[in-house]
Amino acid sequence: MDKRAPWLLTLLLAAVLTSSHAIAAPSFKVIASFSVIEDLVKRVAGDDITITTIVPIGQDVHRWELTPPNVLAVEEADIVFYNGHGLEPWIRHLEAMASDTLTLMALAEMADYAPLTIPVGQHKGNPDPHMWMAPEGAIAYIDVITHTLSTHYPEKAPAFQARADEAKQALKLLNQQLTERLEGIPQTNRVLTTSEAALGYFAHAFGFEYAAIWGLNSETAGSAQAMETMSKRLADKRPPALFYESTTPYIHMDALARETGLTLAGPLYVDTLSAPDGPAYNYPAMLRHNAELLHEALGGARAEE
Ligand SMILES: [Zn+2]
């Protein structure tokens with residue numbers, strides 16, 4: 001055997017790796033406003049597109065303030081996927097600075113899924129932005145994402161469509177599994193109470209009565225009047241548990257739990273995924289975690305014994 005072969009092979013391998021790396025690095029760049037939208041865009045985009053996410057995991061999407069790196073990333077991108085219906089008040093700053101070639105796509109506003117209204121607070125009666133909390137809502141987002149990406153990058157359209165079909169199948173299955181799991185909670189216990197009114201779509205999809213202290217995290221949360229209204233409701237309803245969310249202040253629901261003697265459970269994940277080693281590491285995991293928490297806190301497990 002030729003003694004030069006090993007180092008020649010190494011050189012050749014290095015050349016192949018370098019060139020394949022150059023080919024693999026996608027030149028298409030899009031922005032996702034927060035982690036849930038990043039997850040859904042990635043399901044369609046695969047490795048064909050570089051996705052930069054504005055609001056980091058764990059931060060509140062409602063109250064984010066744009067940073068210089070955010071602005072720089074948007075300047076280099078073709079599309080900004082955001083939720084809309086007022087979820088990201090900071091998006092108006094991007095709209096003001098957007099070039100003619102930048103597409104701003106509000107998924108909830110373009111989705112073929114009936115919006116619900118915010119039931120309480122300063123934005124009462126406006127469309128509720130948290131549409132992704134129902135799997136069918138997320139499926140409607142996937143359709144908008146697929147259409148938008150395919151229009152911008154037609155050479156990748158077949159790949160986008162294939163991934164989208166697979167993702168939608170998986171989400172339909174998730175919807176079915178969550179429905180079955182949550183049916184284990186007795187009808188009288190199917191009362192969902194949270195700080196922000198972010199679970200309206202979830203409650204509607206899975207048959208829960210729903211109430212929250214305030215409407216959106218971007219408003220002045222937990223006024224004395226809102227707390228009193230909720231306190232009266234809880235005294236009347238006496239649900240098995242109250243819930244807090246990962247990005248809302250904990251003190252309000254904790255105060256209500258102490259006052260009423262009701263159990264406090266959480267966190268539910270809504271406006272952000274968790275870190276990769278947490279329970280809501282992706283979109284399906286987020287909904288599964290929430291469903292398991294409800295199942296446990298609202299007596300689903302006891303009902304099966
Ligand atoms: Zn929210």
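This is a guided tour of the structure above, stop by stop, with something to select at each one.

**Stop 1: The whole protein**

Start with everything on display, and keep in mind that this is a predicted model. Color by secondary structure, and you can look for 12 helices and 8 strands. The protein has 305 residues, and 41% of them count as buried. Now consider contacts between residues at least 6 apart in sequence: 63% of these join residues at least 24 apart.

**Stop 2: The nonpolar core**

Next, select Phe81, Leu107, Tyr141 and Ile145. These are the residues with the most contacts inside the largest nonpolar core, which has 83 residues. Which helix gives the most to this core? Helix 6 does, with 8 residues. Try coloring domain 1 (26–178) and domain 2 (184–304) separately, since the core draws at least three residues from each of them. As background, nonpolar side chains in soluble globular proteins tend to be buried together.

Keep Leu107 selected and show what surrounds it. Leaving aside residues up to four places away in sequence, Leu107 touches Ile37, Phe81, Asn83, Gly84, Tyr141, Val144 and Ile145.

**Stop 3: Helix 11**

Select residues 283–297, which form helix 11. You can check its length with the distance tool: at 1.5 Å a residue, its 15 residues should span 21 Å, and the end C-alpha atoms are 21 Å apart, which agrees.

Now show the side chains of Tyr283, Met286, Leu287, Asn290, Ala291, Leu294 and Ala297, which are buried. On how many sides of the helix do they lie? They cover an arc of only 140 degrees around the axis, which puts them on the same side of helix 11. A general rule helps here: an α-helix has 3.6 residues a turn, so residues three or four places apart point the same way.

What do these buried residues pack against? Their neighbors are helix 2 (35–45), helix 6 (135–152), helix 7 (157–182), strand 7 (241–245) and strand 8 (263–268). Before leaving, step just past the end of helix 11 to Gly299, which takes a positive phi of about 85 degrees.

**Stop 4: Helix 7**

Move to helix 7 and repeat the length check. Its 26 residues should span 38 Å at 1.5 Å a residue, and the end C-alpha atoms are 37 Å apart, which agrees. Then pick out Phe160, Arg163, Ala164, Ala167, Leu171, Leu178 and Leu182, which are buried in this helix. Their cover includes helix 2, helix 6, helix 8 (200–206) and helix 11.

**Stop 5: A pair of strands**

Select strand 5 (residues 191–196) and strand 6 (residues 209–214), which pair in the parallel sense over 5 bridges. To find one of the links, show Val191, whose bridge partner in strand 6 is Glu209. Is strand 5 mostly covered or uncovered? It is mostly covered, with 6 of its 6 residues buried.

**Stop 6: Backbone details**

Go to strand 8 and select Pro267, which lies in that strand. The peptide bond from Gly266 to Pro267 is cis, with omega near 0 degrees.

Then visit His85, in the loop between strand 3 (79–82) and helix 4 (91–97). His85 has a positive phi of about 55 degrees, although it is not a glycine. Is His85 buried or exposed? It is buried, because 21 other C-beta atoms lie within 10 Å and the cut-off for buried is 20 or more.

Arg238 also has a positive phi, near 45 degrees, and is a residue other than glycine. You will find Arg238 in the loop between helix 9 (224–237) and strand 7. Arg238 is exposed, because 10 other C-beta atoms lie within 10 Å and exposed means 12 or fewer.

**Stop 7: Two threonines**

Finish with Thr50 and Thr67. Thr50 sits in strand 2 (residues 49–53) and is partly exposed, with 16 other C-beta atoms within 10 Å. Measure from Thr50 to Ile31: the two are 19 residues apart in sequence, and their C-alpha atoms are 8.4 Å apart in space.

Thr67 is in the loop between strand 2 and helix 3 (68–75). With 11 other C-beta atoms within 10 Å, Thr67 is exposed. Thr67 and Val55 are 12 residues apart in sequence and 9.9 Å apart in space, C-alpha to C-alpha.

Definitions and conventions:
Residues are numbered from 1 along each chain as its sequence is written. This is a predicted model: local features need pLDDT of at least 70, side-chain atom pairs count only at pLDDT 80 or more; totals for chains, interfaces and linings use all residues. Helices (H or I, at least four residues) and strands (E, at least two) are DSSP runs, numbered from the N terminus. The expected span of a helix is 1.5 Å times one less than its number of residues. The arc is that of the directions from the helix axis to the C-beta atoms. Two residues are in contact if their C-beta atoms, placed from the backbone, lie within 7 Å. A nonpolar core is a set of buried Ala, Val, Leu, Ile, Met, Phe, Trp, Tyr and Cys residues joined through C-beta atoms within 7 Å. Domain bounds come from an automatic or database domain assignment. Two strands pair if DSSP finds at least two bridges between them.
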